[in-house]
Amino acid sequence: MPQETLANLLTEDRTFPPAPEFTASANVTEAAYDEAAADRLAFWEQQARRLDWTKDWDSVLDWSNPPFAKWFTGGELNVAANCLDRHVDAGLGERVAIHFEGESGDGRAVTYAELLDEVKRAANTLTDLGVEAGDRVVIYMPMIPEAAVAMLACARIGAPHSVVFGGFSVEALASRIDDAGAKLVITADGGFRRGKPNALKPTVDAAAERCPGIEKVLVVRRTEQDVDWNERDLWWHETVGTASNEHAAQPFDAEHPLFILYTSGTTGKPKGILHTSGGYLTQTSYTHHAVFDLKPESDVYWCTADIGWVTGHSYIVYGPLSNGATQVMYEGTPDTPHKGRFWEIIDKYQVTSLYTAPTLIRTFMKWGDDIPAGYDLSSLRLLGSVGEPINPEAWIWYREHVGKGKAPIVDTWWQTETGAIMVSPLPGVTATKPGSAQRPLPGITVDVVDDEAKSVPNGGGGFLTIRDPWPSMLRTIWGDDQRFLDTYWSKFDGMYFAGDGAKRDDDGDLWLLGRVDDVMLVSGHNISTTEVESALVSHDSVAEAAVVGASDPVTGQGIVAFTILRGDIESSPEHLQELRQHVANTLGPIAKPRQIMVVAELPKTRSGKIMRRLLRDIAENREIGDVTTLADNTVMTRIKEGLSAAA
Ligand code: 6R9
């Protein structure tokens, strides 16, 4: 018998077909799958035609030197002009592009005409400061409209940007500035977080001291905190604010670098993922139109991601703006000044489409159903999820308490490396299943393979791979082609290895099972973290769970679970015993956790992903490893203290 690649333990048979009214007016129908299957390149060519090109391409795809792809070779376009100028030229200048909501409730509406004006002035400023096409610019900003302006100004002049999460450490910022070889940093004095001004400039000051390549630092005034001032510093309002708003966008080659975005990964130095212009914009624009069913005249779209995450790049800046969307941008945290903040924003702007992460959905579950119930959420017509597998129970909660049982949910699987959504339901087409990302989008070929690179049959689990090149694929790792080859293309011949486990159900739908590095090996069975976590979350008392494999003398690894309970539920030894039994009943005795611990929080990255390796350090009684990419690097201390107090 072949050794199983990844066990398939969880079954789920609830399905939710789209409402006929939704289907009747959906942007994309079943036919898209057939068209793409008939001729994949013609399909992408057609999607590229949704953009304005100043010069047509000679060929759709050049795959003569795999895995180094070139899309729309010879074509030329300006990415920023596609996001702004063409809408203003079409008479849509007065449409709101961004409803900005500051954390404290201050805000403003920025129209497409105003956004274009500001981007032109910022582009002129960057040019005056000596930034030329090809030069790299690091952006270290809070969630304010100027962050999008800075990105688009870079795109406009062909200077690849590299956005670093506002709040990352000096070390993290300096290493990214160095690796990218940036000469300019755009930042702000700070932003508002948790009711307080949160300083950003001191981190940039310290990083710039360590990075001699930095010539200038451009500073937006947001919080009006006191800042140290250096010779290299310039205020945004004194430069961009006074610059000319005349600027003609120059076309760039389809393969001109658009941005570098660093992913931390679990080990080693961060990887600078390189994206280019034409293919990236084609796929982000199309997927935003198709997956979110965007109706730019009437929708109010809100993606809650930070601009420092790829989700902010593709689904706040490039996808939505290229489609002329009206969107909400929120500066702060979901519980400032109160736990109904998100619902209040949805109510205030009559948001129609919400795109958020499972981590937040589980947090809202923990806070209680009564909070969203206190607001008018009837404007919502579509819900999206991204960042981690969504546990079926969290999916159902999202559907019931946020979508009021009617808004379709799109669970979108993709990565920094893929640039845009790859696997997702289409809201007017797919009968959705709680917890499944379901089908590759039209034009995308995804497979699940075993150790020997053979497709697994329905019902089987293995490694998620991508078989054919796609327009928004990463082009390389900045400055390290070899690492690009080794990381993504060496495990399976001729296939992109995503690093995620997945299974196919009996209908062929895809279920993501977490990172393969986190898979647990228990008595010879490969068990995914996702399935055990979902089984725990399916118990009424559990809001969130993280499981890890800790070495075990008998079974190889034993499953150790960390759980956050809902509302004010108190745990007891009997309760923990019940939870262990609940997992065994749901998934089978092999998946029964050896130990369950109750914690108040879990270690997460800035994009809300649970960092299981740090929990493994606790479970195996080790010194805690590198915590620099945690959203809050004091959380591990609190978790350890909480556990020893309870013991
Ligand atoms: C967009 C983004 C990529 C990793 C990816 C996977 C996980 C993202 C998911 C999902 C299951 C989903 N992931 N979306 N897992 N279902 N809908 O998150 O990019 O930050 O690079 O992370 O996130 O493990 O490989 P990135």
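These are my notebook entries on a predicted model, covering its sheets, its ligand, a salt bridge and some unusual backbone spots.

**Entry 1: the seven-stranded sheet**

I began with the strand order. Seven strands make up an open sheet, and I read them off as β5-β4-β17-β16-β18-β19-β20. The pairing in this sheet is mixed. Which strands stand at the edges? I found β5, residues 107-111, and β20, residues 409-411, in those places. Each has a single partner strand, so one side of each is left without a neighbour in the sheet. From one strand to the next, the twist averages 20 degrees.

I then picked one pair to follow in detail. Strand β4 covers residues 96-101 and strand β17 covers residues 327-330. The two are parallel, and four bridges hold the pairing. I looked for a residue to mark the register and noted F100, which stands opposite M329 in β17.

**Entry 2: the four-stranded sheet**

Next I turned to another open sheet, this one of four strands. The order is β21-β22-β24-β25, and the pairing is antiparallel. At the edges I found β21, residues 446-449, and β25, each of which pairs on one side only. The twist here averages 45 degrees from one strand to the next.

Again I followed one pair. β22 spans residues 461-466 and β24 spans residues 496-504. How many bridges join β22 to β24? I counted five, with the two strands running antiparallel. T465 has F497 of β24 opposite it.

**Entry 3: a hairpin**

I also looked up the strands β9, residues 190-193, and β10, residues 196-199. They run antiparallel and are joined by four bridges. R193 has K196 in β10 as its bridge partner. The hairpin has two residues between its strands, and R194 takes a positive phi near 55 degrees there.

**Entry 4: the ligand**

I listed what surrounds the ligand. There are 17 residues around it, and D411, T412, T416, D500 and K609 come nearest. By character, the shell divides into seven nonpolar, five polar and five charged residues. Which elements each supply at least two residues of the shell? I noted helix α12, residues 310-322, and strand β25, residues 510-515. β25 is also an edge strand of the four-stranded sheet in Entry 2.

Then I went through some polar contacts one at a time.

- G387 has a backbone N or O atom 3.1 Å from a nitrogen atom of the ligand.
- Q415 has an N or O atom in its side chain 2.9 Å from an oxygen atom of the ligand.
- T416 has a polar side-chain atom 2.5 Å from an oxygen atom of the ligand.

Is the ligand mostly buried or exposed in the protein? Taken alone it exposes 530 Å², and the protein buries 93% of that.

**Entry 5: a salt bridge**

Side chains of opposite charge can pair when their charged atoms come close. I found 47 salt bridges in the structure. I chose one to trace, between the side chains of K269 and D179, with N to O at 3.3 Å. The two residues are 90 residues apart, and their pair links distant parts of the chain. K269 is in the loop between β14 (257-263) and β15 (271-276). D179 is in helix α8, residues 170-180.

**Entry 6: unusual backbone spots**

Most residues other than glycine have a negative phi, and most peptide bonds are trans. I looked for exceptions and wrote down several.

The peptide bond from P66 to P67 is cis, with omega near 0 degrees. P67 belongs to the loop between β1 (59-62) and β2 (70-73). A cis peptide bond also joins T336 and P337, where omega is about 0 degrees. Where is P337? I placed it in the loop between β17 and α13, the latter being residues 341-349. That β17 is one of the strands of the seven-stranded sheet in Entry 1.

F72 is not a glycine, yet its phi is positive, about 55 degrees. I located F72 in strand β2. R194, from the hairpin in Entry 3, also goes on this list with its positive phi near 55 degrees.

Notes
Residues numbered from 1 in each chain as written. Predicted model: local features only at pLDDT ≥ 70, side-chain atom pairs only at ≥ 80, totals over all residues. Heavy atoms only, no water. Pairing = 2+ DSSP bridges. Axes fitted to C-alpha atoms, helices over the stretch in contact; angles between N-to-C directions. Near = heavy atom within 4 Å. Polar contact = N/O pair within 3.5 Å; in protein donor to acceptor, adjacent residues only side chain to side chain. Areas by Shrake-Rupley, 256 points an atom, 1.4 Å probe, with all protein chains shown as cover. Nonpolar A, V, L, I, M, F, W, Y, C, P; charged D, E, K, R; others polar. Salt bridge = Lys/Arg side-chain N within 4 Å of Asp/Glu carboxyl O.
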